[in-house]
Amino acid sequence: MSRVYNFSAGPAVLPEAVLREAADEMLDYRGCGMSVMEMSHRSKDFEDILHDAESVLRELMSIPDNYKVLFLQGGASQQFAAVPMNLMRNRVADYIITGQWAKKAASEAELFGKVNRIASSADKTFSYIPDCEDLPVSEDADYVYICQNNTIYGTRYPKLPNTKGKLLVADVSSMFLSEPIDVEKYGVIYAGVQKNAGPAGLVVSIIREDLITDEVLPGTPTMLKWKTQADADSLYNTPNCYAIYICGKVFHWVKDMGGLSAMKERNEKKARLLYDFLDGSELFRGTVEKESRSLMNVPFVTGNEDLDKEFIAEAAKAGFKNLKGHRTVGGMRASIYNAMPYEGVEALVGFMKDFEARH
């Protein structure tokens, strides 16, 4: 069977070149006689894999020397607790609510202190990013938290919020490596890699060094202290070795494709093709306000639930998989991450035009 066009929001499509390379190395990684899945995380071979992955990521994102890169388990959702445990020294934090994941992160932080929800787009089913130019940032807030790209609702911050000098913490899971970002504007950036960088089970956290201390909330588990992980170079316990290995290959692939600026150009071209079609379509329409649109996740509907179901079923038969929208939104969603080729979006638009002509 040939490969389908996989529009899944995550775990998501990976570059075919990376999968082929991993397949070639599955039984014997570069002459060591075993798979990366089988090797000790304390071995020289794996340490080289880990350090290479970090080195290429630092180069891609221009990560300054005073930021640590950690490869952690527990996914982005575990960072919902790790962030307040490591940062909430005043027991106060400000959260901007633009979707399910920011909502969940805020609820988790309430286990540890006071959470001020200083802006929200819940009033219009999270179909836009609120104006963040003049927010009521709390004087005693330890940080301001955002989910920068909202996978479910297909929104992305057109620009970073004005945090009025407070530390910015961002979950960038579904836009990780899709465009250049200025790391120094953040105190903490983290990303579950299963959307745009690798297989499920790994989160990359990029944390400014002065925030990595022993001054954590009482009762913080050893494994959730960033200092534990930083001091051990992400090797305090057995990490997700295979996911780190695949991520390293994806980082190299992004570099070979021209880096993050080239990636942004590719992603803008793909997104423009799909959004332009939706804007001109008589049957389909996008659900997000134009200035808040994500480059990565594009939700759309016909306005008729039965027709939506028919479209999803027909699309799957035609080789366009995982187009069903999140249960909280309905309709359809095309996730067009880095590894989705332009031809995939072109083919999808062609199928949508044909479906529209028939309905």
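**Exercise 1. Determine how exposed Asp-354 is, and describe its salt bridge.**

Step 1. At 39% relative accessibility, Asp-354 counts as partly exposed. The scale calls a residue buried under 20% relative accessible area, exposed over 50% and partly exposed in between (1.4 Å probe, protein chains only).

Step 2. The model is predicted: local features need pLDDT of at least 70, side-chain atom pairs count only at pLDDT 80 or more, and totals for chains, interfaces and linings use all residues. Residues are numbered from 1 along each chain as its sequence is written, and side-chain values use heavy atoms, with hydrogens and water left out.

Step 3. Asp-354 meets Arg-358 in a salt bridge, at 3.1 Å from N to O. A salt bridge is a side-chain nitrogen of Lys or Arg within 4 Å of a carboxyl oxygen of Asp or Glu. By this rule the count comes to 20 salt bridges.

Step 4. Both residues belong to helix H9 (residues 342–358), where they stand four residues apart, about one turn of the helix. Helices (H or I, at least four residues) and strands (E, at least two) are DSSP runs, numbered from the N terminus. Arg-358 is also partly exposed, with a relative accessible area of 43%.

**Exercise 2. State which parts the salt bridge between Lys-164 and Asp-134 ties together.**

Step 1. The closest N and O atoms of Lys-164 and Asp-134 are 2.6 Å apart.

Step 2. Lys-164 lies in the loop between strand S7 (155–156) and strand S8 (168–171), and Asp-134 in the loop between S4 and S5, so the pair ties together parts that are 30 residues apart in sequence.

Step 3. Lys-164 is partly exposed at 42% relative accessibility, whereas Asp-134 is exposed, with a relative accessible area of 61%.

**Exercise 3. Describe the backbone and the salt bridge of Arg-30.**

Step 1. Arg-30 is found in the loop between H1 and helix H2 (44–61). Its phi is near 50 degrees, a positive value in a residue other than glycine.

Step 2. Arg-30 forms a salt bridge with Glu-25, with the closest N and O atoms 3.3 Å apart. Arg-30 is exposed at 60% relative accessibility, while Glu-25 is buried, with a relative accessible area of 11%.

**Exercise 4. Locate Pro-11 and identify the form of the peptide bond that leads to it from Gly-10.**

Step 1. Pro-11 is found in the loop between strand S1 (5–6) and helix H1 (16–24).

Step 2. The bond from Gly-10 to Pro-11 is cis, with omega near -5 degrees.
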